[in-house]
Amino acid sequence: MDALSITRQQVRSDLLKKIIIRIDYTGIPSITEWIEQFMKDGDLCGKFGDYDKGGSMNKATFRFSNLKDVADTLAIPLDELKKETIHRFSSPQFEGHEDDVVMDITSYFTTFTISCQNYSMIDDYLQYLCMYMLKLKSYCTYLKVARLGIRKIGGCVFKSVEDIGKVFNPDLFFGNIIDEPVSTAHEINYSDSFIDRAFKIKVNYGRMCREVVDTSQNTLYQVLMDIDGYVDNEIIMQEKLQFPESIEEVMKRINNCLFKLFKYSVNKDFLIKNLKNGQE
């Protein structure tokens, strides 16, 4: 079976740990009024059981680098962004899903974070976000999307470097310049940033392998894969994308590109082993 012909619908794997979907925008006249609209809309707020109006960004769980990325994308001062209040929706109620989902909404961006628990597919979440953005646009005529991205983080812990090759393509994590990876895998990082011309998106593709020690003081090897696909102002202008009208198409493009890189990152035997129903 050709590994490249395998589709998302055919694969079920526990490698994926977290998905972060982030939409950066400007033109929201009043985030408080939008949250009021959100909470009156059963299709939107009905997917979450809890709401928390948090403090400023300083008290949030966002990493500084992510905030800086948003500030750079929107060309606003970082200090201004850090003063934003986060409106957090949690306790997800997506039928057929067991994942822990948190949605954070501010005046400048919305993040949708999925912590995978018996993860199946992303499609229901993407459909929800399409609806969310269409309704946000109907509330805010001057909404302008500056960046839309999907980031997937996954990995596994192995007893030996040899075991890594049973799941992942080892050349992507060690490289040909390393003759003896077993003696040099204390912490290895690779990061590539490029434009995928076929899918018309930008990609940050990170791989890491590092030594960790378990409770019995055994040395293990943790492998992480971090793939971030997105469109920014440059791509939006080049492709003449109109948001939110184009959001469904763009998110599908990004997700398909990430799956292509996932297939490239693991070996064929692993893919076939993880086909649903054992289909080959």
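**Figure 1. The hairpin of strands E8 and E9 in the predicted model.** Five residues lie between the two strands of this hairpin, and among them Gln217 has a positive phi near 65 degrees. The structure shown here and in the other views is a predicted model. Gln217 belongs to the loop between E8 and E9, and the positive phi occurs although Gln217 is not a glycine. Most residues other than glycine have a negative phi. Is Gln217 buried or exposed? With a relative accessible area of 63%, Gln217 is exposed, because the value lies over 50%. On either side of the loop, strand E8 (residues 201-213) and E9 are joined by twelve bridges in the antiparallel sense. One of the pairs places Gly206 opposite its bridge partner in E9, Asp226.

**Figure 2. Strand E9 and its other partner, E6.** Strand E9 covers residues 219-231, and ten of its 13 residues are buried, so that the strand is mostly covered. Strand E6 (residues 144-158) runs antiparallel to E9, and eleven bridges join the two. Among the paired residues, Val157 has Gln222 of E9 as its bridge partner. E9 also pairs with E8, over twelve bridges.

**Figure 3. The open sheet of nine strands.** The strands of this sheet follow the order E2-E3-E4-E5-E1-E6-E9-E8-E7, and the pairing is antiparallel. Which strands form the edges? They are strand E2 (48-53) and strand E7 (187-196), each of which pairs on one side only. From one strand to the next, the twist averages 15 degrees.

**Figure 4. Glu187 in edge strand E7.** Glu187 is placed in strand E7. Its relative accessible area is 47%, which means that Glu187 is partly exposed. Met208 is 21 residues away from Glu187 in sequence, yet the C-alpha to C-alpha separation of the two is 7.2 Å. When neighbours within four places in sequence are left aside, Glu187 is in contact with Cys209 and Arg210.

**Figure 5. Strands E4 and E5, with Met103 opposite Phe112.** Strand E4 (residues 100-105) pairs with strand E5 (residues 109-115) in the antiparallel sense, over six bridges. Within this pair, Met103 stands opposite Phe112 of E5. Which residues does Phe112 touch, not counting residues up to four places away in sequence? They are Ile19, Ile20, Ile21, Phe48, Phe94, Val101, Val102, Met103, Tyr125, Tyr128 and Leu129.

**Figure 6. The nonpolar cores.** In soluble globular proteins, nonpolar side chains tend to be buried together. The largest nonpolar core here has 71 residues, and those that touch the most other members are Met103, Ile105, Phe112, Tyr132 and Phe168. Helix H10 (residues 247-265) supplies the largest share of this core, nine residues. Separate from this core is a second one of nine residues, including Leu67, Leu74, Leu81 and Ala146.

**Figure 7. Helix H1 and the elements it packs against.** Helix H1 spans residues 31-40, and its buried residues are Ile31, Trp34, Ile35 and Phe38. Where do these residues lie around the helix axis? They cover an arc of only 100 degrees, and therefore lie on the same side of H1. The elements against which the buried residues of H1 pack are H2, E2, strand E3 (87-92), E4 and H5.

**Figure 8. Two loops with backbone features of note.** In the loop between E5 and helix H5 (123-139) lies Asn118. Asn118 is a residue other than glycine, and its phi is positive, near 55 degrees. The relative accessible area of Asn118 is 45%, so this residue is partly exposed. The other loop, between helix H9 (233-238) and H10, holds Pro244. The peptide bond that leads from Phe243 to Pro244 is cis, with omega near 10 degrees. Most residues other than glycine have a negative phi, and most peptide bonds are trans.

**Figure 9. Confidence along the protein chain.** The protein chain has a mean pLDDT of 85, and 85% of its residues reach 70 or more. Where is confidence lowest, and where is it highest? The lowest mean, 52, belongs to helix H8 (residues 181-184), and the highest, 96, to helix H2 (residues 42-45). Where pLDDT is low, the predicted coordinates should not be read in detail.

Note on methods. Residues numbered from 1 in each chain as written. Predicted model: local features only at pLDDT ≥ 70, side-chain atom pairs only at ≥ 80, totals over all residues. Heavy atoms only, no water. pLDDT = per-residue confidence, 0-100. Helix = DSSP H or I, 4+ residues; strand = E, 2+ residues; numbered from the N terminus. Core = buried A, V, L, I, M, F, W, Y, C linked by side-chain atoms within 4.5 Å. Buried < 20%, exposed > 50% of the residue type's maximum accessible area, 1.4 Å probe, protein only. Contact = heavy atoms within 4.5 Å. Pairing = 2+ DSSP bridges. Axes fitted to C-alpha atoms, helices over the stretch in contact; angles between N-to-C directions. Arc of directions from axis to C-beta.
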